[in-house]
Amino acid sequence: MNSAAYSWNGFAGRQELAAALADHVAGRLTKAIAERGTGLLAVSGGTTPAKFFAALSVIPIAWDKVIVTLVDERFVPASSPRSNAGLVAANLLQNAAKAARFVPLYHEAVGIEDAAASDNAALQSLPWPLDVVVLGMGPDGHTASFFPDADDLAKLLDPSSDRIVLPVHAASAVEPRLTLSLARIVDAGFIALHIEGEDKRTAFDSAVAPGPRKPIRAVLDAAPKPVEVFWAP
Ligand SMILES: O=C1O[C@H](COP(=O)(O)O)[C@@H](O)[C@H](O)[C@H]1O
């Protein structure tokens with residue numbers, strides 16, 4: 001594993017974790033706004049981030065200078081209960097954070113390849129690099145939409161890819177996906193991994209142990225700075 005790898009931040013409870021992670025992220029965004037006039041944040045979806053989103057949404061920073069996008073998205077419209085954009089709209093883009101600009105990954109398109117190509121063009125104009133990326137992880141060791149059984153996983157995990165967004169097909173992923181490339185993720189100023197529960201702790205421990213390389217391990221290996229892991233039981 002790369003010598004930077006990760007740093008472990010353990011909490012007694014999920015609410016406490018959500019508050020601490022929200023404070024860290026708000027601090028980073030405030031610093032970015034002071035330094036370059038804008039803050040660029042990419043967040044994950046699924047189920048874990050809801051409490052963190054709620055905590056972040058009430059912190060009074062200059063949200064009108066913040067751009068929020070997604071680490072990954074399921075190929076479903078925002079009205080679907082499986083939409084990561086829907087989760088962000090309902091939990092993060094509320095309260096003070098309502099003033100942020102949201103850049104979605106899902107657009108109606110004939111297929112996931114077309115959607116990824118149009119995202120690639122649309123996201124080109126964002127003020128890269130990301131100031132903050134908050135990753136999640138599934139018990140299978142997937143992070144972003146880098147699923148262990150994805151077609152052409154080596155291409156998805158290529159740290160030198162010049163793509164911003166990539167299409168993903170994986171049998172275990174339910175629907176096709178859109179994901180930020182590994183290169184854009186590991187280039188972020190602050191990389192957090194937010195995981196909860198004993199099953200995910202076990203999955204993380206096995207991903208960092210010698211053995212088959214899970215996708216989360218590819219992020220740890222490619223990141224030039226330690227990934228800050230936020231965990232609570
Ligand atoms: O499908 C996804 O799963 C992961 C983990 O989600 P969780 O429900 O176990 O928290 C998430 O990080 C990713 O953004 C999402 O698309």
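Is helix H8 (residues 215–222) largely enclosed by the rest of the structure or largely exposed, and why? That was what I wanted to settle before anything else. I'm working from a predicted model here.

**Entry 1: H8**

I went through H8 residue by residue. Six of its eight residues turn out to be buried, so the helix is largely enclosed by the rest of the structure. The buried ones are Pro215, Ile216, Arg217, Ala218, Val219 and Leu220. I noted that an arginine, Arg217, is on that list.

Next I looked up what surrounds them. On the strand side, the buried residues of H8 pack against S1 (6–10), S6 (132–135), S9 (190–196) and S10 (227–232). On the helix side, their partners are H6 (182–186) and H7 (198–208).

**Entry 2: H7 against H8**

I took H7 as the partner to follow up. Its axis comes within 9 Å of that of H8, and the two cross at roughly 60°. H7 and H8 are therefore oblique to each other. The crossing is right-handed.

For the contact itself, I have Phe204, Ala207 and Val208 from H7 meeting Ile216, Arg217 and Leu220 from H8. Sorted by class, that gives five nonpolar residues, no polar ones and one charged.

**Entry 3: the nonpolar core**

Which residues touch the most other members of the largest nonpolar core? I found Leu56 and Leu92, in a core of 87 residues. Helix H1 (residues 14–36) is the top contributor to this core, giving nine residues.

I then listed the contacts of Leu56, skipping neighbours within four places in sequence. Leu56 is in contact with Ala22, Val25, Ala26, Leu41, Trp63 and Leu92. So the two core residues I had picked out, Leu56 and Leu92, are in contact with each other.

**Entry 4: H1 against H2**

Leu56 led me to the H1 and H2 pair, since Leu56 is one of the H2 residues in that contact. H1 and H2 (residues 50–57) pack at an angle of about 50°, axes 8 Å apart. That makes H1 oblique to H2. Handedness: the crossing is right-handed.

From H1, I get Arg14, Gln15, Ala18, Ala19, Leu21, Ala22, Val25 and Ala26 in the contact. From H2, the residues are Lys51, Phe52, Ala55 and Leu56. The contact of H1 with H2 has nine nonpolar, one polar and two charged residues.

While in H1, I also checked Gly27, which is found in that helix. Gly27 counts as partly exposed, at 38% relative accessibility. Its C-alpha is separated by 8.8 Å from that of Ile61, 34 residues apart along the chain.

**Entry 5: H2 against H3**

How do H2 and H3 (residues 84–91) pack, and at what angle? I got about 40°, with the axes 9 Å apart. That makes H2 oblique to H3. Their crossing is right-handed.

H2 brings Ala50, Phe53, Ala54 and Ser57 to this contact, and H3 brings Leu87, Val88 and Asn91. By class I have five nonpolar, two polar and no charged residues in the contact of H2 with H3.

**Entry 6: a loop residue**

Last, I looked up Asp151. Asp151 sits in the loop between S6 and helix H5 (153–156). Not counting residues up to four places away in sequence, Asp151 touches Leu156 and His169. I also noted Pro167: Asp151 and Pro167 are 16 residues apart in sequence and 9.9 Å apart in space, C-alpha to C-alpha.

Terms used: Residues are numbered from 1 along each chain as its sequence is written. This is a predicted model: local features need pLDDT of at least 70, side-chain atom pairs count only at pLDDT 80 or more; totals for chains, interfaces and linings use all residues. Side-chain values use heavy atoms; hydrogens and water are left out. A nonpolar core is a set of buried Ala, Val, Leu, Ile, Met, Phe, Trp, Tyr and Cys residues joined through side-chain atoms within 4.5 Å. Buried means under 20% relative accessible area, exposed over 50%, partly exposed in between (1.4 Å probe, protein chains only). Helices (H or I, at least four residues) and strands (E, at least two) are DSSP runs, numbered from the N terminus. Contact means heavy atoms within 4.5 Å. Axes are lines fitted to C-alpha atoms, for helices over the stretch in contact, and angles run from 0 to 180 degrees between N-to-C directions. Angles under 35 degrees count as roughly parallel, over 145 as roughly antiparallel, 65 to 115 as roughly perpendicular and the rest as oblique. A crossing is left-handed if the near helix is turned anticlockwise from the far one by less than a right angle, and right-handed if clockwise. Ala, Val, Leu, Ile, Met, Phe, Trp, Tyr, Cys and Pro count as nonpolar, Asp, Glu, Lys and Arg as charged, and the others, Gly among them, as polar.
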